[in-house]
Amino acid sequence: MSTRTSPPTLPFAARADTLVGSVIDSSTSLLAAQSHDIVRFAMGSPAAEAIPTEVLAEIGTKTIGAGSPDAFDYAATEGDMPLRVALLDELDGTSDATTLERLTITSGGMQGLDLAFKIFVDPGDLVVVESPTYTNGSATALSYQADLLEVAVDDDGMVVEALPELVERAGRTPKVIYTIPTFQNPSGATLSLARREQLLELAREWGSMLIDDDPYGLLRFAGSEVPTLHELADGDPLVYSVRTFSKIVAPGLRVGWLDTDPSLQRLLINAKQAMDTCTNLPAQRLLTGFLTGGHLDTHLATQRREYRLRKETMKEALTEHFDGVARWTDPEGGFFLWMTFEPAIDTEKLFEVALAEGVAFIPGNAFSPDRRFPDALRMCFASTPPDRIREGLARLRSAVDRLAGS
Ligand code: PMP
């Protein structure tokens, strides 16, 4: 599953070498090219059944259908005002409550990350990332020629206590700290309240930007809420919050938002204008209708119930097939759990065998720029119905046995 190719001899910029791509995203095309039946634990997509297609189609007919040419025009770069207002309303009373001047609509969470690294990272700057981390986040930092410092993750998220010593050894403070604090991609771990506070303190001491990438926070199905870094920061401009509709409504819409200090918005707009002018307006109008129609809350409640069931099913199937062979995390929300084989198995080799057996996952090394997780893998439990989860885990066990026998 390599994402690197040998470029022909063209006059490339030095940065072309830093564009490492994403094994996760590439799995979409790889799996689409397969003709046999595959249980897909690879992509981090909401369940197909969870996409509210009927409601969206109805909203579409009303707001972007015939007679609505304005919905197909360019939009304001900071986002279509009706969506910003609807979002503000939706967030009121939550840990992400905010004000209008802090909100910028983006083309997915990915653009929020790209804007952050573009604005804050010069070549050679130190950027702290979790280990494992979200591949596309570290790839974006690398594309701006950052030097990455990987910090371990345990059941309480990033091991913040280890950070001061690692930074001292690196000989300079980080310009940016990138964290996925809630139901982390890929481990499923949630950063504890104590560590959130500690991390904020360190960011303040070092003057580091803290990128708070939290796409899964609204998908808690067990345990109790932890305040977002956004809330704990209480308006501190060092905290830059990236959010998206991809996991809570639909990833194909490609709409997300940023919650940042208002003083940053002009710069964000300038940078976004040089990228894509504005976020897709029909998609913004669909989301406005979804929010103002009051659909999000009921939709989230259904998703939470279903994802809880799916995670529990995956846990049971893991215990049935992998007890004594691997250990796994037990997330309280989100999409993913992280499995580590003991004794070690090369999960990149396992991927090839598993694909032939009809099951797909993402090998652990994809989540570490230093390739620190050859014996681990990420499973998305959210996209697959329970009976298929059981089938997929049985196939994975066959793949492990086949690999061991070969
Ligand atoms: N951050 C994290 C942690 C994610 O898991 C994802 C999606 N996989 C994103 C950002 C990107 O979100 P989007 O698809 O909206 O660009």
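1. **H11 against H13.** In this predicted model, helix H11 (residues 295-322) packs on helix H13 (residues 386-405). Their axes come within 9 Å and cross at roughly 30°. Angles under 35 degrees count as roughly parallel, so H11 and H13 are roughly parallel to each other. H11 passes H13 in a right-handed crossing.

2. **Residues of the H11/H13 contact.** From H11 come Glu306, Leu309, Arg310, Thr313, Met314, Ala317, Leu318, His321 and Phe322. H13 supplies Pro386, Ile389, Arg390, Leu393, Ala394, Leu396, Arg397 and Val400. By class, this contact of H11 with H13 has 11 nonpolar, two polar and four charged residues. The charged members include Glu306 and Arg310 on H11, with Arg390 and Arg397 on H13.

3. **Arg310.** Is Arg310 of H11 buried or exposed? Its relative accessibility is 3%. Buried means under 20%, so Arg310 counts as buried. Arg310 is in helix H11 and is part of the contact with H13 described above. Leaving aside residues up to four places away in sequence, Arg310 touches Ala47, Glu49, Phe381, Ala382, Ser383, Thr384, Pro385, Pro386 and Ile389. Pro386 and Ile389 also appear on the H13 side of the helix pair. When inspecting this site, look at Ala47 and Glu49 as well, since both are in the contact list of Arg310.

4. **H2 against H10.** How do helix H2 (residues 53-63) and helix H10 (residues 281-292) cross? Their axes come within 9 Å, at roughly 115°. That makes H2 roughly perpendicular to H10. The crossing is right-handed. H2 contributes Val55, Leu56, Ile59, Gly60 and Thr63, and H10 contributes Arg285, Leu286, Gly289 and Phe290. The contact of H2 with H10 has five nonpolar, three polar and one charged residues. Gly60 and Gly289 are among those counted as polar. The charged residue is Arg285 of H10.

5. **H6 against H7.** Helix H6 (residues 163-170) and helix H7 (residues 193-206) have axes 11 Å apart and pack at an angle of about 30°. H6 and H7 are therefore roughly parallel to each other. Leu163, Pro164 and Val167 in H6 meet Leu199, Leu202 and Trp206 in H7. Which classes do these residues fall into? The contact of H6 with H7 has six nonpolar residues, no polar and no charged.

6. **Ser95.** Ser95 sits in the loop between helix H3 (81-91) and strand S2 (103-106). With a relative accessible area of 22%, Ser95 is partly exposed. Not counting residues up to four places away in sequence, Ser95 touches Pro227, Thr228, His230 and Glu231. What does the side chain of Ser95 make with that of Glu231? The two side chains make a polar contact, at 2.5 Å. Ala271 is 176 residues from Ser95 along the chain, and their C-alpha atoms are separated by 28 Å.

7. **Cis peptide bonds.** Most peptide bonds are trans. Two cis bonds deserve a check here. The bond from Asn185 to Pro186 is cis, with omega near 20°. Pro186 is in the loop between strand S6 (176-179) and H7. Glu342 and Pro343 are also joined by a cis peptide bond, with omega about 0°. Pro343 is in the loop between strand S11 (336-341) and helix H12 (347-357).

8. **Positive phi.** Most residues other than glycine have a negative phi. Where does Asp234 lie? Asp234 is in the loop between helix H8 (229-233) and strand S8 (239-244). Its phi is near 50°, a positive value in a residue other than glycine. At 70% relative accessibility, Asp234 counts as exposed. Thr277 also has a positive phi, near 65°. Thr277 is found in the loop between helix H9 (265-273) and H10. Thr277 is partly exposed, with a relative accessible area of 34%.

How values were computed:
Residues numbered from 1 in each chain as written. Predicted model: local features only at pLDDT ≥ 70, side-chain atom pairs only at ≥ 80, totals over all residues. Heavy atoms only, no water. Helix = DSSP H or I, 4+ residues; strand = E, 2+ residues; numbered from the N terminus. Buried < 20%, exposed > 50% of the residue type's maximum accessible area, 1.4 Å probe, protein only. Contact = heavy atoms within 4.5 Å. Polar contact = N/O pair within 3.5 Å; in protein donor to acceptor, adjacent residues only side chain to side chain. Axes fitted to C-alpha atoms, helices over the stretch in contact; angles between N-to-C directions. Parallel < 35°, antiparallel > 145°, perpendicular 65-115°, else oblique. Left-handed = near helix turned anticlockwise from the far one by under 90°.
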